[in-house]
Amino acid sequence: NSVLPSTNKLALTTEKKIVVLPVDEIVYIETHNRGSLLHTTTEEIETTLSIGNLEQRLIGYSFFRIHKSFLVNLEHIGSIFLWQNGSYVMKMKGYEKEILPIGRSQFKLLKTIFQL
C-alpha cells in the first residue's frame, strides 16, 4: 500500500514527446483543433488532451473555466472588464493582446471567488 507522491507538475502528451511542466506556469488553456493549447509563462504547448480532461486534472489548483473554450489560472489574471453587449472579458498577465470571453454565469461565480 505505497502512497504515490503528489506533484505540482502536469504531464502532457504532445505529438512527439511527453512534456512535464509546473502547474503554476500555466497561464491559460484554450480548445484548439481536437485538443488544447496551453499558454504558459514561457511557451505554448499543443496537446491532444481535451480542455475537460485538463480541467479534471487541475482540480485543487487555482484554475477556473470562464467559458466552454477557456480555462484560466486565477493567479495570472491581469484584468477583467466590460465588453460589448454587456458581457465581460479578461486579459491574462503576459498575454495582454488576447481577450478571453467570460460566460455570464461564470462571471457571477468569478465575482463570488474574488468577493466583488
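Guide: Before we look at how a helix packs, take one definition with you: a residue is called buried when its relative accessible area is under 20%, exposed when it is over 50%, and partly exposed in between. Please also keep in mind that the model above is predicted.

Visitor: With that in hand, which residues of helix 2 are buried?

Guide: The buried residues in helix 2 are Gln-106, Phe-107 and Leu-110. When you look down the axis of helix 2, these buried residues fall within an arc of 105°, and so they line one face of the helix. On the other side of helix 2 you will find Arg-104, Lys-108 and Thr-112, which are exposed.

Visitor: Which strands do the buried residues of helix 2 pack against?

Guide: Contact means heavy atoms within 4.5 Å, and read in that way the buried residues of helix 2 pack against strand 6 (63–67), strand 8 (77–82), strand 9 (88–92) and strand 10 (95–102).

Visitor: What follows helix 2, and where does Leu-116 lie?

Guide: Helix 2 is followed by Gln-115, which has a positive phi, near 55°, while Leu-116 lies in the segment after this helix, whose residues are 104–113. Leu-116 counts as exposed because its relative accessibility is 70%, and together with Ile-80, Ile-113 and Phe-114 it makes a nonpolar surface patch of about 370 Å².

Visitor: Let me turn to strand 4. Is Ser-36 buried or exposed, and what does its side chain reach?

Guide: Ser-36, which lies in strand 4 (residues 35–40), is buried because its relative accessible area is 0%. For a polar side chain in such a place, it is useful to look for polar partners, and here a polar atom of the Ser-36 side chain lies 2.8 Å from the backbone oxygen of Leu-49, while the side chain of Ser-36 also reaches the backbone nitrogen of Ile-51 at 3.1 Å. If residues up to four places away in sequence are not counted, Ser-36 touches a set of residues including Ile-29, Thr-31, Ile-45, Thr-47 and Leu-54.

Visitor: And which residues is Leu-37 in contact with?

Guide: Leu-37 also has its place in strand 4, and with a relative accessible area of 11% it is therefore counted as buried. Leaving aside neighbours within four places in sequence, Leu-37 is in contact with Tyr-28, Ile-29, Glu-30, His-32, Glu-44, Ile-45 and Glu-46. As for Ser-2, which is 35 residues from Leu-37 along the chain, the C-alpha atoms of the two are separated by 34 Å.

Visitor: Finally, how many salt bridges does a search of the whole structure find?

Guide: The general idea is to look for a side-chain nitrogen of Lys or Arg within 4 Å of a carboxyl oxygen of Asp or Glu, and a search of the whole structure finds two salt bridges. In one, Glu-15 pairs with Lys-16, with the closest N and O atoms 4.0 Å apart; Glu-15 counts as exposed because its relative accessibility is 78%, and Lys-16, at 78% relative accessibility, counts as exposed too. In another, the side chains of Glu-55 and Arg-65 meet at 2.6 Å, N to O. This pair links distant parts of the chain, with Glu-55 in helix 1 (residues 51–57) and Arg-65 in strand 6, 10 residues apart.

Visitor: How exposed is Glu-55?

Guide: Glu-55 counts as partly exposed, because its relative accessibility is 26%.

Definitions and conventions
Residues are numbered from 1 along each chain as its sequence is written. This is a predicted model: local features need pLDDT of at least 70, side-chain atom pairs count only at pLDDT 80 or more; totals for chains, interfaces and linings use all residues. Side-chain values use heavy atoms; hydrogens and water are left out. Patches are made of residues with over 30% relative accessible area and no salt bridge: like charges are joined within 9 Å, nonpolar side chains (Val, Leu, Ile, Met, Phe, Trp, Tyr) within 5 Å. Accessible areas come from the Shrake-Rupley method with a 1.4 Å probe; for residues, only the protein chains shown count as cover. Helices (H or I, at least four residues) and strands (E, at least two) are DSSP runs, numbered from the N terminus. Buried means under 20% relative accessible area, exposed over 50%, partly exposed in between (1.4 Å probe, protein chains only). A polar contact is a pair of N or O atoms within 3.5 Å; within protein, one must be able to donate a hydrogen and the other to accept it, and residues adjacent in sequence count only if both atoms are side-chain atoms. The arc is that of the directions from the helix axis to the C-beta atoms.
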